[in-house]
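Colleague: I have the model open and would like a close look at one part rather than a full tour. Pick a spot that has some side-chain detail, go through it slowly, and then show me how it fits with the rest.

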Amino acid sequence: MNKAIIIEVESLRRASMAGLRERYREVFQEEARSRHREHLFRKIVWRLQALAEGDLSQRARQRAGEIANDADLRIVAPRDFFNLGGESVQTVPSDQSKKRHDPRLPMVGTLLRRTWNGRAILVEVLEKGFRYENRQFTSLSNIASEITGTRWNGYAFFGLMRNTGKPNA
């Protein structure tokens with residue numbers, strides 16, 4: 001790798017997320033779909049090296065495509081995959097559009113109570129979200145952050161965490 005690329009890589013290591021997204025736009029001529037810092041960094045560095053030292057040859061690209069097309073990939077599980085000790089298991093497609101209820105949360109309408117710095121905190125569990133001081137929040141973490149001024153896990157803040165799978169008492 002030449003010295004200019006090494007210097008560029010080192011400056012990218014210290015770049016902000018906005019800087020990485022801008023550099024991605026310059027290198028790939030498109031917006032970055034990812035917001036993962038390490039992923040963007042690696043893609044940019046790979047592209048810079050490919051531009052400086054040359055990309056794959058057309059022959060290598062064609063061969064890689066042939067290998068990928070020739071792969072025998074299984075799309076559906078084997079017929080006896082879900083056979084447990086001779087007992088057949090019936091599989092049913094799930095409805096992915098339904099959001100499952102988090103078992104750590106109590107029933108809708110329950111009031112969660114917490115004392116923080118001598119102040120009583122009351123939060124009502126709603127069908128979709130939570131109500132605190134007549135405002136609706138999407139998560140308990142947002143409420144905990146509002147109260148404390150720092151980031152908190154909402155379940156931990158309100159004592160809803162489970163230990164080793166046992167229900168809260």
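**Starting from one acidic side chain**

Modeller: E10 counts as partly exposed, at 33% relative accessibility. Bear in mind that this is a predicted model.

E10 has a partner: its side chain meets that of R13 in a salt bridge, 3.2 Å from N to O. That distance qualifies because the cut-off is 4 Å between a side-chain nitrogen of Lys or Arg and a carboxyl oxygen of Asp or Glu. R13 is partly exposed as well, with a relative accessible area of 47%. Both values fall in that class because it takes in what lies between 20% and 50%. As for where the pair sits, both belong to helix α1 (residues 3-13). They are 3 residues apart there, so about one helical turn separates them.

Now look at what α1 packs against. Its axis comes within 11 Å of the axis of helix α3 (residues 37-53), and the two cross at roughly 170°. An angle over 145 degrees is the cut-off here, so α1 is roughly antiparallel to α3. The crossing of these two helices is right-handed. If you want to select the contact in your viewer, take I5, E8, V9, L12 and R13 on the α1 side. On the α3 side, take R37, F41, I44, V45, L48, Q49 and A52. Notice R13 in that selection: the salt-bridge partner of E10 is also one of the α1 residues that touch α3.

What about the other charged pairs? The whole structure holds 11 salt bridges, and the E10 pair is one to compare with a couple of others. R25 and E31 bring their side chains together at 2.5 Å, N to O. R25 counts as partly exposed at 30% relative accessibility, and E31 does too, at 45%. Then there is R61 with D55, where the closest N and O atoms are 2.5 Å apart. Here R61 has a relative accessible area of 42% and D55 one of 38%, so each of them is partly exposed. Some salt bridges share partners, and in this way E8, R23 and E26 are joined into one network. E8 should look familiar: it was among the α1 residues in the contact with α3.

Zooming out, the chain has 6 helices and 6 strands. Read from the N terminus, the elements go α-α-α-α-β-β-β-β-β-β-α-α. Of its 169 residues, 22% count as buried. Among contacts between residues at least 6 apart in sequence, 27% join residues at least 24 apart.

The strands deserve a stop too. Four of them make an open sheet in the order β3-β4-β5-β6, with antiparallel pairing. Its edges are β3 (111-116) and β6 (135-137), each of which pairs on one side only. Neighbouring strands in the sheet are turned against each other by 30° on average, ignoring direction.

Between β3 and β4 (residues 119-126), which run antiparallel, there are 6 bridges. You can follow the register through the partners: L111 goes with E124, R113 with L122, and T115 with A120. At the turn, the hairpin of β3 and β4 leaves 2 residues between the strands, and N117 takes a positive phi near 50°. The next hairpin takes β4 to β5, again through 2 residues. Those two strands are antiparallel and joined by 3 bridges, with L126 standing opposite G129 in β5.

Finally, put a helix over that sheet: α5 (residues 140-148) lies across β3, β4, β5 (129-132) and β6. Its direction is at about 25° to β5.

So, back at the starting point: E10 is a partly exposed residue, tied to R13 by a salt bridge, in a helix that runs roughly antiparallel to α3.

Conventions
Residues are numbered from 1 along each chain as its sequence is written. This is a predicted model: local features need pLDDT of at least 70, side-chain atom pairs count only at pLDDT 80 or more; totals for chains, interfaces and linings use all residues. Side-chain values use heavy atoms; hydrogens and water are left out. Helices (H or I, at least four residues) and strands (E, at least two) are DSSP runs, numbered from the N terminus. Buried means under 20% relative accessible area, exposed over 50%, partly exposed in between (1.4 Å probe, protein chains only). Two strands pair if DSSP finds at least two bridges between them. Axes are lines fitted to C-alpha atoms, for helices over the stretch in contact, and angles run from 0 to 180 degrees between N-to-C directions. Contact means heavy atoms within 4.5 Å. Angles under 35 degrees count as roughly parallel, over 145 as roughly antiparallel, 65 to 115 as roughly perpendicular and the rest as oblique. A crossing is left-handed if the near helix is turned anticlockwise from the far one by less than a right angle, and right-handed if clockwise.
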